[in-house]
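This report describes a single protein chain, its sheet arrangement, its surface and its charged pairs. The sequence and the structure are shown first.

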Amino acid sequence: MYDKAKEITIKAKRNIFNTNIGSQLTSLKGEGLDFKEIKEYAYGDNIKNINWKATAKSNDLKVNVFDETRQLNIIVAFMISGSMKFGSVKIKQDIATEIIALLGFSSARNKNLLFPIFYSNKNEILYEPTFDDSIIYKVVKDALEIECVKKDVDYSGFCEYVNTFMKQRSIIFVIGDFYGNVDLSQISYNNDVYALNVRDRLEEYPLLNGEYDLVNPNTFENNEFYITKSVANKYKKLLEEQDNKLEEHFLQHQITYGKIYTDDDIFLKLLQIIKG
C-alpha cells in the first residue's frame, strides 16, 4: 500500500542529511541568540555581525562572535484552514507537509528542540517537544490526514497560545496561506519569525471562463459565479492589494516572509527564503 508520509519523510531526510546544501537550511539567523565575544574582522566573517560601536572606538573593524552550538527552540506551526485543501498542481496541504518534514529534520540535524504545532482556532494536536527525529513520520502523517475543511485560522489566538508556553526566544516557522485577518506582531518582538505562504497560482489568478459552482472551504457554503477574464483580473488585483498589506505587516515587524507555490521545488524555495 502506497505510504505518502513515508515517501515525504525519506525525501526530506535525504535533502537535509545527504546534500551539501542541506546543511545550509540549518544556518538559521538564530545564531545571534548567544553572544560570545568581540574580535577583529577577518575575511569571510558575516558583515551582518559587525559591531559598529566597537569599530568606532578602536578604528579597526570588529565583529560579534556567537556560540553556534547553542541549542535553539524551533517551533514549526501548521495553520489549519479549509483553503489549504486546494491545489491545481499539488494540494497546498501536501506542500505544507513537505515543508514541515524539511524543517523537522533540519531541527534534528542541529540537535535543536522541535515544537510541532497544528493550529486552527485552537491547538489541534498536542505534541511534546523533542530532539528525536523519529517523531517526524507521525507529524507528517498527521499533517497529511488532518481535516482542514470547515476550519479557519485565528492568528491572534495562535500568538497568545505560543506566548503562554514559550518563554525563551525561539525561531518560529508559521506555515499557511495567510488569508483573512493576519497579525503575528505578538510573537515577533521576542522571536525570529518566518511566515511561509503556501499558494497555488490558479487561486491567485483564476483565469477560467464560464459558470462555476464554487464552495467556500472554510464554511462549506456554495455559490454560483460566472468567471470571465475581466472578473479574474479584478480578483487578482484585490488579492494583490491584500498581499501587499500582508507584506507591509511582516516588514514592519521584521518577520521574514516568502511564498512557496504548489509547482515550486519545495526544498530550494525554502532554502532561498531562509537564506534571505
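## Structural report

At 28% relative accessibility, D3 counts as partly exposed, because the partly exposed class lies between under 20% (buried) and over 50% (exposed). The model is a predicted one. D3 sits in the segment before helix 1. The C-alpha atom of D3 is 11 Å from that of Y137, although the two residues are 134 positions apart along the chain.

### The six-stranded sheet

Strands of a sheet pair through backbone hydrogen bonds, in either a parallel or an antiparallel manner. In this model, six strands make up an open sheet with mixed pairing, and their order is 5-4-3-6-7-10. Strand 5 (123-125) and strand 10 (256-261) are the edge strands, each of them pairing on one side only. From one strand to the next, the twist averages 30°.

Within this sheet, strand 6 (residues 171-176) and strand 7 (residues 192-199) run parallel and are joined by six bridges. I175 is placed opposite L196 of strand 7. Helix 5 (residues 155-165) packs on the sheet, where it touches strand 3 (73-79), strand 4 (113-119), strand 5 and strand 6. The direction of helix 5 makes about 150° with that of strand 4.

### The hairpin of strands 8 and 9

A second pairing concerns strand 8 (residues 210-215) and strand 9 (residues 222-227), which run antiparallel and are joined by six bridges. D213 stands opposite E224 in strand 9. The two strands, 8 and 9, form a hairpin with six residues between them. In the turn, F220 has a positive phi of about 70°.

### Surface patch and the surroundings of K62

Y41, I47, W52 and L61 make a nonpolar surface patch of about 430 Å². Of these residues, I47 belongs to the loop between strand 1 (35-40) and helix 2 (52-58). I47 counts as exposed because its relative accessibility is 59%, and the cut-off for that class is over 50%.

K62 lies in strand 2 (residues 62-66). Is K62 buried or exposed? K62 is buried, since its relative accessible area is 17% and the limit for buried residues is under 20%. Neighbours within four places in sequence being left aside, the contacts of K62 are I38, K39, E40, Y41, N49, I50, N51, A54 and T55. One of these contacts, Y41, also contributes to the nonpolar patch. Another, E40, forms a salt bridge with K62, with an N to O distance of 2.9 Å. E40 lies in strand 1 and K62 in strand 2, so this pair ties together parts that are 22 residues apart in sequence. The two partners fall into separate classes: E40 counts as partly exposed at 41% relative accessibility, whereas K62 counts as buried at 17%.

### Salt bridges

Side chains of opposite charge can pair when their charged atoms come close. How many salt bridges does a search of the whole structure find? The search finds 18. Three pairs are listed below with their N to O distances.

| Pair | Closest N to O distance |
|---|---|
| D94 and K4 | 2.8 Å |
| E40 and K62 | 2.9 Å |
| K138 and D142 | 2.9 Å |

The salt bridge of D94 with K4 has its closest N and O atoms 2.8 Å apart. This pair links distant parts of the chain, as D94 belongs to helix 3 (residues 92-109) and K4 to helix 1 (residues 4-17), 90 residues apart. D94 counts as buried at 16% relative accessibility, while K4 is partly exposed with a relative accessible area of 31%.

The pair formed by K138 and D142 lies within one element: both residues are in helix 4 (residues 136-145), four residues apart, about one turn of the helix. K138 counts as partly exposed at 45% relative accessibility, and D142 is buried with a relative accessible area of 14%. Beyond these pairs, R199, E204, D243 and K259 are joined into one network by salt bridges that share partners.

Conventions
Residues numbered from 1 in each chain as written. Predicted model: local features only at pLDDT ≥ 70, side-chain atom pairs only at ≥ 80, totals over all residues. Heavy atoms only, no water. Pairing = 2+ DSSP bridges. Axes fitted to C-alpha atoms, helices over the stretch in contact; angles between N-to-C directions. Contact = heavy atoms within 4.5 Å. Patch = residues over 30% accessible without salt bridge, like charges linked within 9 Å, V, L, I, M, F, W, Y side chains within 5 Å. Areas by Shrake-Rupley, 256 points an atom, 1.4 Å probe, with all protein chains shown as cover. Salt bridge = Lys/Arg side-chain N within 4 Å of Asp/Glu carboxyl O. Buried < 20%, exposed > 50% of the residue type's maximum accessible area, 1.4 Å probe, protein only.
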